[in-house]
There are 2 protein chains.
Amino acid sequence: MKDRFLVIMAGGRGERFWPQSRLRRPKHLLPIVGKKPMLTQTVERADGVVPLNNIFIITNREQRDAVIEAVPGLPAENVVAEPVGRDTAAAVGLASTLVKMRNPDAVFGLLPADHVIHGEKEFRKILGKAFDAAEKDSVLVTIGIEPTAPATGYGYIQLAESDADETVFRVKRFVEKPDLETAKSYLESGDYFWNAGMFIWQVKAIEQAFADHAPEICSGISEIESGLVAGKSLNAVLEEVYPKIQRISIDYAVMEKAANVVMVKATFDWDDVGSWPAVARHFPADQAGNVTRGDVLLEGGTGNIVVSEGEHLIAAVGVDDLIIIHTKDATLICRKDQAEEIKKVVTKIGDEKKWQHLL
Amino acid sequence: MKDRFLVIMAGGRGERFWPQSRLRRPKHLLPIVGKKPMLTQTVERADGVVPLNNIFIITNREQRDAVIEAVPGLPAENVVAEPVGRDTAAAVGLASTLVKMRNPDAVFGLLPADHVIHGEKEFRKILGKAFDAAEKDSVLVTIGIEPTAPATGYGYIQLAESDADETVFRVKRFVEKPDLETAKSYLESGDYFWNAGMFIWQVKAIEQAFADHAPEICSGISEIESGLVAGKSLNAVLEEVYPKIQRISIDYAVMEKAANVVMVKATFDWDDVGSWPAVARHFPADQAGNVTRGDVLLEGGTGNIVVSEGEHLIAAVGVDDLIIIHTKDATLICRKDQAEEIKKVVTKIGDEKKWQHLL
């Protein structure tokens, strides 16, 4: 068996869950669902698949200290901060380089830090299968999620029409987030799966894919590697090279173009909980469909999500379908169907230079 | 000219403006509209009509210290705390006794502590006219407000059909809060005025009115008086007598029954600002009809009233017609058309023994 690694992508900016999440305390550092931070749960979920020493976490400078704190036992040098965000292709290139410096023959998996997964045993089984598939062949392996709704917020993975192997499916194509009509047709067809951003491959396979489909990214990665080989510090190299790397997603740069992609079907429960309404689905609601956490008093009203941190009382009277989030220095009141607008608020707060409410 | 006194009724429980108002900091102790507490404004508004030494304030025990603090220069012994609330008839009886102990031939006015009045000069002129009328005759004088809408939240004063005096009008009757249809007919008729709870009369006139229409109240008052005459302390007497006095309003006990009532028309702007929506009318709104105070960020939404105390940021996204009030330990989110329900919330908080959010 080849040496196995995991690289966890923990670079969120904490916008969608503001004000509870912040630049220094984004979703993956919060127990949004469950008792521990999402990142801690993600690392613990991989227990037994790879040793802790073989887990890297890619984050940003603002969050690095908190990330180290959230994963006790993980060597601090395994937590790498991007000097600037350059989208996922650059991060995958960085991940590949980090693993390659340990073992150029290794195989590694990429996992998002902040998803909710129920069924740890199943998860480890599927991840193991994905590793097996990647190890055996120079393929790009992804774990696909069986869709339960015509979601427009995910990219989709279309399987090849027929396939011999019942565990590992050949992928026909990766497609970007569809509109609702297209999503409905995907759901009906039965051969589309959600792209959850989970990838497993050999260092050599992803290097080849970058060389074939994204030569610009490839040269950036090479520059990082040669800097490290020349004895420069990782931080110094990233500081120099990273800002120059093209800003592009791994899906767009590689996955939509590569022909050697295979998929393992997830048999565990998965949710990327990308918004407050999604989070609320993981908590029990009262008879009127209200989900509350903390010190909350409701007088009438239905379908609300109300979270109060600390000893602060939130009293809501006759309001429906609101997201109400109270934190020490800021409170959000947002219509549930406008959760996407929370990012705008965060931008406005930045524009008004009220940094204290973002950090 | 007879000796003139004012008694200001400052006994609110701070329910309708919770969480900004509290049991120890009700509306009259807050600058709900204007820069000073409403009570302070009420006292300052009477400047020149009666000397400060002749102003009494009737409040409750929880608020007495804060009341003394809110009115610098007023002798502390002029601030009297009811041991328990017994509605307005008892308070008027107490007021009458307080004034009588100073001068049984005096005339005194009763004013609510927490109304908004614009036009101080006009107010003083009208109050002066009311004092003149009360001094001249053994009548019960009230100041009536010309109605601007078919309000169902006030009692009304109907004038007698014809009247010779153009300043002081004979009152046909006091009527309780009407339903909307009745209120509309009052507004159309032109001879109904709002009862704003402002009364002016001689000690002797109100004593006679109690004797004629509310003998039970009358005997309670006599008991207070004889206790004081016997040298007991005011607190001791009130502690003993007050809880036994009938709980009834002055309107119901006296004003609706008395025949010798006259009215002076208010020529100043008056608003009892009994709720958050009423308060909001005194502040400039943005183009979408939103009124904000403090650190507030709105993303869309119309007709909201948003108040944030301290350095706390309130961000509201896409919400309409809400009252959002943030204080240090509690935040209210309430539909504007359900402002009456705020009292229920206060009751519930009491029921749940979360006293810290009420004090």
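## A word on helices

Helices here are DSSP runs of H or I with at least four residues, numbered from the N terminus. With that in hand, A:Asp87 can be placed in helix α3 of chain A, which covers residues 87-102. Please keep in mind as you look around that this is a predicted model.

## Two matching chains

Let us start with the pair. A turn of 180° with a shift of 0.0 Å along the axis lays chain A on chain B, and the RMSD is 0.1 Å. The two copies are therefore related as by a two-fold rotation axis. Both copies use the same surface, since 100% of the contact residues of chain A recur in chain B.

## Backbone spots to look at

Most peptide bonds are trans, and most residues other than glycine have a negative phi. Here are some places that depart from this pattern.

In chain A, the peptide bond from Trp18 to Pro19 is cis, with omega near 10°. A:Pro19 sits in the loop between β1 (4-9) and α1 (38-45). Chain B has a cis bond joining B:Trp18 and B:Pro19, with omega about 10°, and B:Pro19 lies in the loop between β1 (4-9) and α1 (38-45) of chain B.

## Two positive phi angles

Return now to A:Asp87: this residue is not a glycine, yet its phi is positive, about 70°. A:Asp87 is partly exposed, because 18 other C-beta atoms lie within 10 Å, and a buried residue would need 20 or more.

In chain B, Val273 also has a positive phi, near 35°. B:Val273 belongs to the loop between β11 (269-271) and α10 (276-280). With 21 other C-beta atoms within 10 Å, B:Val273 is buried.

Notes. Residues are numbered from 1 along each chain as its sequence is written. Chains are lettered from A and ligands numbered from 1 in the order in which they are written. This is a predicted model: local features need pLDDT of at least 70, side-chain atom pairs count only at pLDDT 80 or more; totals for chains, interfaces and linings use all residues. Copies are superposed by least squares on the C-alpha atoms of residues with pLDDT of at least 70 in both. Two residues are in contact if their C-beta atoms, placed from the backbone, lie within 7 Å. Helices (H or I, at least four residues) and strands (E, at least two) are DSSP runs, numbered from the N terminus. A residue is buried if 20 or more other C-beta atoms lie within 10 Å of its own, exposed if 12 or fewer, and partly exposed in between; C-beta atoms are placed from the backbone.
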